[in-house]
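Please open the structure in your viewer and keep the selection tool at hand, since this tour moves from one selection to the next and says what is found at each stop.

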Amino acid sequence: SSSRSSKTFKPKKNIPEGSHQYELLKHAEATLGSGNLRQAVMLPEGEDLNEWIAVNTVDFFNQINMLYGTITEFCTEASCPVMSAGPRYEYHWADGTNIKKPIKCSAPKYIDYLMTWVQDQLDDETLFPSKIGVPFPKNFMSVAKTILKRLFRVYAHIYHQHFDSVMQLQEEAHLNTSFKHFIFFVQEFNLIDRRELAPLQELIEKLGSKDR
């Protein structure tokens with residue numbers, strides 16, 4: 001599907017300006033600017049945990065979307081016939097609704113399924129309410145965890161299969177900062193099982209040790 005790599009990957013998910021979530025996003029960006037990522041991921045005082053996780057999940061979706069968008073031409077049916085993160089980890093796609101039984105598919109196809117699925121969750125007002133005073137559903141945390149677990153796989157694929165392309169594009173600093181922010185965030189709130197992080201364990205330890 002050459003058409004997909006010629007356009008940016010998925011439309012950016014915008015948080016409505018003037019909303020509380022927009023203020024939270026601005027707060028997140030300001031603290032990120034300070035360079036202290038451990039501090040930047042912490043729940044701001046007096047804020048709702050679900051809302052903080054929602055805003056950051058949208059932000060990570062946008063970041064990964066953009067990062068993957070820069071390397072789509074290198075991630076093809078031919079170069080990546082399976083969705084993998086190195087030789088030991090292979091991912092099969094299932095979303096539990098349209099595709100109940102995990103299917104083996106190429107990385108570009110898997111990532112397309114994944115990002116489309118995430119976008120559908122983010123656009124669902126009952127899951128990710130954007131209006132003030134609309135409560136988050138009881139299953140919000142489990143949905144957010146599934147989204148983040150799946151977004152991690154895109155980072156893992158990029159690092160394992162496309163890091164040379166990232167270097168050629170001189171995007172590695174951007175990728176590392178984005179991934180480090182992501183990891184510190186999921187660690188802060190215990191959002192991804194350690195087993196799921198195994199494909200990038202060494203990198204995670206390295207990023208963390210620089211910041212002790």
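A residue is called buried here when its relative accessible area is under 20%. Keep in mind throughout that this is a predicted model.

Begin by selecting Cys-80, which sits in the loop between H4 and S1, and which counts as buried because its relative accessible area is 5%. Leaving out residues up to four places away in sequence, Cys-80 touches Cys-75, Ser-106, Ala-107, Pro-108, His-157 and His-162.

Next, add Cys-75 to the selection; this residue is likewise placed in the loop between H4 and strand S1 (83-84). Its relative accessibility is 3%, and therefore Cys-75 is buried. Apart from neighbours within four places in sequence, Cys-75 is in contact with Tyr-68, Cys-80, Ala-107, Pro-108, His-157 and His-162.

With both cysteines displayed, how many disulfides does the model contain? The count comes to zero, under a rule that asks for two cysteine sulfur atoms within 2.5 Å. For Cys-75, the nearest cysteine sulfur is that of Cys-80, 4.0 Å away, and Cys-75 is in no disulfide. Cys-80 is in no disulfide either, its nearest cysteine sulfur being that of Cys-75, at 4.0 Å.

Now extend the selection to His-157 and His-162, since an unreviewed UniProt entry lists Cys-75, Cys-80, His-157 and His-162 under "binding site". These four positions are spread over 88 residues of sequence, yet they cluster in space, with a largest C-alpha distance of 9.8 Å.

For the next stop, turn to the largest nonpolar core, which has 65 residues, and select those with the most contacts inside it, namely Leu-151, Phe-152, Tyr-155, Phe-179, Phe-182, Ile-183 and Leu-200. Colouring by helix is useful at this point, as at least two residues of this core come from each of helix H2 (20-33), helix H4 (49-71), helix H5 (107-123), helix H6 (140-168), helix H7 (172-188) and helix H8 (201-209). The helix that gives the most to this core is H6, with 13 residues. In soluble globular proteins, nonpolar side chains tend to be buried together.

Finally, centre the view on Tyr-155 and show what surrounds it. If neighbours within four places in sequence are set aside, Tyr-155 is in contact with Phe-60, Gln-63, Ile-64, Leu-67, Leu-175, Ser-178, Phe-179, Phe-182 and Leu-200.

Note on methods. Residues are numbered from 1 along each chain as its sequence is written. This is a predicted model: local features need pLDDT of at least 70, side-chain atom pairs count only at pLDDT 80 or more; totals for chains, interfaces and linings use all residues. Side-chain values use heavy atoms; hydrogens and water are left out. A nonpolar core is a set of buried Ala, Val, Leu, Ile, Met, Phe, Trp, Tyr and Cys residues joined through side-chain atoms within 4.5 Å. Buried means under 20% relative accessible area, exposed over 50%, partly exposed in between (1.4 Å probe, protein chains only). Helices (H or I, at least four residues) and strands (E, at least two) are DSSP runs, numbered from the N terminus. Contact means heavy atoms within 4.5 Å. UniProt positions are given in the numbering used here, feature names are shortened, and annotations may be inferred rather than shown by experiment.
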